[in-house]
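Have your viewer ready and the residue selection tool at hand. Each stop on this walk tells you what to select next and what is there.

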Amino acid sequence: MPLTEADREIAAAEIDASPMEFAGQEALARRSDEVERVMSASSVSTSSSEERQRRARRMSGVSTQHDLERHPTELSRIQTQRSQHSNTVGRTGTRGTRTSRRSEKPLPPFGAGKPYPPQLPDPDEYVVEFDGPDDPMHAMNWPFKKKFWSAAMLGYTSLVAAFGSSIFSSATTSIAKIYHVNQTVGILGVSFYVLGFAFGPTLWAPLSELKGRKLPIVIGMFGMAIFSIATATAKDLQTILITRFFGGFFGACPLAVVAAVFSDMFDNRTRGIAITLFSMTVFTGPMMAPFIGGFITTSYLGWRWTEYIVSFMAFLAFGLDLLFMHETYPPQILVKKASELRRRTLNWGIHAKQEEIEIDFKELISKNFSRPMRLLFGEPIVALLSIYMAFIYGILYLFLTAYPIVFQGVYHMTPGVSGLTFFGMITGQLLAGVVILLQQPWYMRKLTANNGVPIPEWRLPSVIAGGVAFSAGLFWFGWSGYSGKVHWIVPTLSGILSGFGLASIFLQSLNYLVDSYLMFAASAIAGNTFLRSLAGAGFPLFSTYMFKGMGIQWASTLLGCVAAALVPIPIIFLYYGHRIRARSAYAPTFAPRTPAAEDESGDETNSDHAIGEKDQPSGVPRKDGDAATHSV
């Protein structure tokens, strides 16, 4: 995908903000004509050699306890924060490099007969930063207890959003009878909610990169609670469908943002565990809801209480997030720090990079809201993984209608009892989570061998194994449950393979996306969520016709064959993913640091040395037989 002008500014800002961390990246970038223009364009002031030397002199004059000039962790964080700022709405018009909206009107008078004041000193002198790699304000340096409770709270928030998507499936029969429509129209209540999942992240993910993580999550859970009550009190079918859509739109926020929150709080060594636990809540939620909804709809409470319960859960999540959630987004943390410093020092010039942003609606739409779509349709890794995950996600919601066809239609179970058969899938998902957690020591050894630099492709073997298991589970389900002659426990146990495969694919694919697009993790996940939510909304609508028209066994066979055909996608990325990422404008690669390299990083005589193959980023294929190459 060709780089836009904004993308060129990002690349220049990244290399300029942390020249040592991106020493190999600059040499690699010069292989691309597009990136070469970044460094030579006169419109990008940060790429000039004078500016770079001036910043280097200023930085060398700052004495800190941790010697920031030599510390890769702090340099990487500063670089990440500046790059996030450079890619945020309004940034491009603040320094004169270019403006998103030019006005031909003359400047208004300054007032009171005053002349226009002289220009301020260099604004960078007044920009606050983190105080070294151990700054307790940074979310990665929070105490474990604080991280644990934050993760648990956000895990519950994600569980509520996922739970609300599927509990309505148990009410579709009642809806069809009450409003005199066929059951497929009743299923629209599920599809519209999941459709909200598709469109919500295009707002929530960029907003989280503009205003921080807490604000969108709090707004999202409040909106979900309100629209759940609106669904429960709706008087007609169209109101039900509209409120379900907006319930999903607001409920999509934690699905798009929470994984990015975990990337703020956890480093490479623990992020995989955190996102695994988050993903478990996302995919066990839809499986837990049908049996609860089934017992509610067949009781005196009726279908409306399926939505009242969701609203109570959402209000609880809203209260917890509002009162106890702390901001984790580094640029927004610095905004609060700058505000306190301004108030206490009375120096109005102190500010954070994020405060230089001026909101422009046109740029907001064209730049921030379009970023998830640009990643989805312009990045091969995001696109192909999203297609794979969209199919898997579609099957997840297709099971909401396929399981009742088998266990209610063939085995004549009640809605509540048939919902209990989903515990086969829940068991498989939990097993997948345990297996991935048990892989952490193996992952840590590879990370240590590669000098602490993660290689995203380490996540993919689990995806491949999950793909094989998921396909086998579909065959097992169809051919054991179509006749009723086999005991009901046999098709129920097929859910162990299906759930194991589903969770393995999703958990490690999300980890792979976060590792590959760390700075743009929220937008990458938002694009992925958009496509898979479209599949999740569409699959339930044809599942009834498919299973009844083709037969349970042949419909499952068709789906199993498609699942098997998609298994090569992670295999391709396992062997060629590093080459694809090396050509990406959005996937950062970081050079591994040996102790010797860190000791010599402050030596001016070595700062401009020629870059050889051994100095290239770890995401680039190497020829010297290093540990990173052999570990992929």
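Select helix α9 (residues 201-211) together with α11: where these two helices cross, the crossing is right-handed. This is a predicted model, so what you are looking at comes from a prediction. The axes of α9 and α11 are 8 Å apart, and the helices pack at an angle of about 50°. An angle like that falls outside the range for roughly parallel, which ends at 35 degrees, and outside the 65 to 115 range for roughly perpendicular. The pair α9 and α11 is therefore called oblique.

**Along α11**

Keep α11 selected and hide its partner. How far apart are the end C-alpha atoms of α11? They lie 43 Å apart, and this agrees with the 42 Å that 29 residues, 237-265, should span at 1.5 Å a residue. Now slide along to Val257, where α11 bends by about 35°.

Bring the rest of the model back and look at how α11 is surrounded. Of its 29 residues, 24 are buried, so α11 is largely enclosed by the rest of the structure. Cys253 makes a good example of a buried residue, since its relative accessible area is 0%. For another cysteine, jump to Cys561, which has 43% relative accessibility and counts as partly exposed. If you were hoping to find disulfides, the structure holds 0 of them.

**Just before α11**

Step back to Asp236, in the loop between α10 (214-232) and α11. Is Asp236 buried or partly exposed? With a relative accessible area of 25%, Asp236 is partly exposed. Draw a distance from the C-alpha atom of Asp236 to that of Ile175: the viewer should give 10.0 Å, for two residues 61 apart along the chain.

Next, select Asn182, which sits in the loop between α7 (172-179) and α8 (183-199). Asn182 has a relative accessible area of 43%, so it is partly exposed. Its C-alpha atom is 9.3 Å from that of Thr172, and the two residues are 10 apart in sequence.

**Two residues with positive phi**

Move on to Leu346, in the loop between α14 (330-345) and α15 (361-369). Although Leu346 is not a glycine, its phi is positive, at about 60°. Leu346 has a relative accessible area of 72%, which makes it exposed.

Then select His412, in the loop between α17 (380-410) and α18 (415-420). What is the phi of His412 near? It is near 60°, a positive value in a residue other than glycine. His412 counts as exposed, with 66% relative accessibility.

**A short stop at α16**

Select residues 371-378, which form helix α16. Here 6 of the 8 residues are buried, so α16 is largely enclosed by the rest of the structure. To colour the buried ones, pick Arg371, Pro372, Arg374, Leu375, Leu376 and Gly378.

**A second helix pair**

Show α17 and α21 together. Their axes come within 12 Å and cross at roughly 20°. That angle makes α17 roughly parallel to α21. Turn the view to see how they pass: the crossing of α17 with α21 is left-handed.

**Contacts across the sequence**

Find Val453, in the loop between α20 (440-449) and α21 (460-481). Is Val453 buried or exposed? Its relative accessible area is 10%, so Val453 is buried. Add Asn268 to the selection: the C-alpha atoms of Val453 and Asn268 are separated by 7.9 Å, while their positions lie 185 residues apart in the count along the chain.

For the last stop, select Ile571 in helix α25 (residues 568-582). Ile571 has a relative accessible area of 34% and is therefore partly exposed. Now add Ile464, which is 107 residues away along the chain. The separation between the C-alpha atoms of Ile571 and Ile464 is 6.8 Å.

Note on methods: Residues numbered from 1 in each chain as written. Predicted model: local features only at pLDDT ≥ 70, side-chain atom pairs only at ≥ 80, totals over all residues. Heavy atoms only, no water. Helix = DSSP H or I, 4+ residues; strand = E, 2+ residues; numbered from the N terminus. Expected span 1.5 Å × (residues − 1). Bend = angle between axes of the 7 residues up to and from the residue. Buried < 20%, exposed > 50% of the residue type's maximum accessible area, 1.4 Å probe, protein only. Disulfide = S-S within 2.5 Å. Axes fitted to C-alpha atoms, helices over the stretch in contact; angles between N-to-C directions. Parallel < 35°, antiparallel > 145°, perpendicular 65-115°, else oblique. Left-handed = near helix turned anticlockwise from the far one by under 90°.
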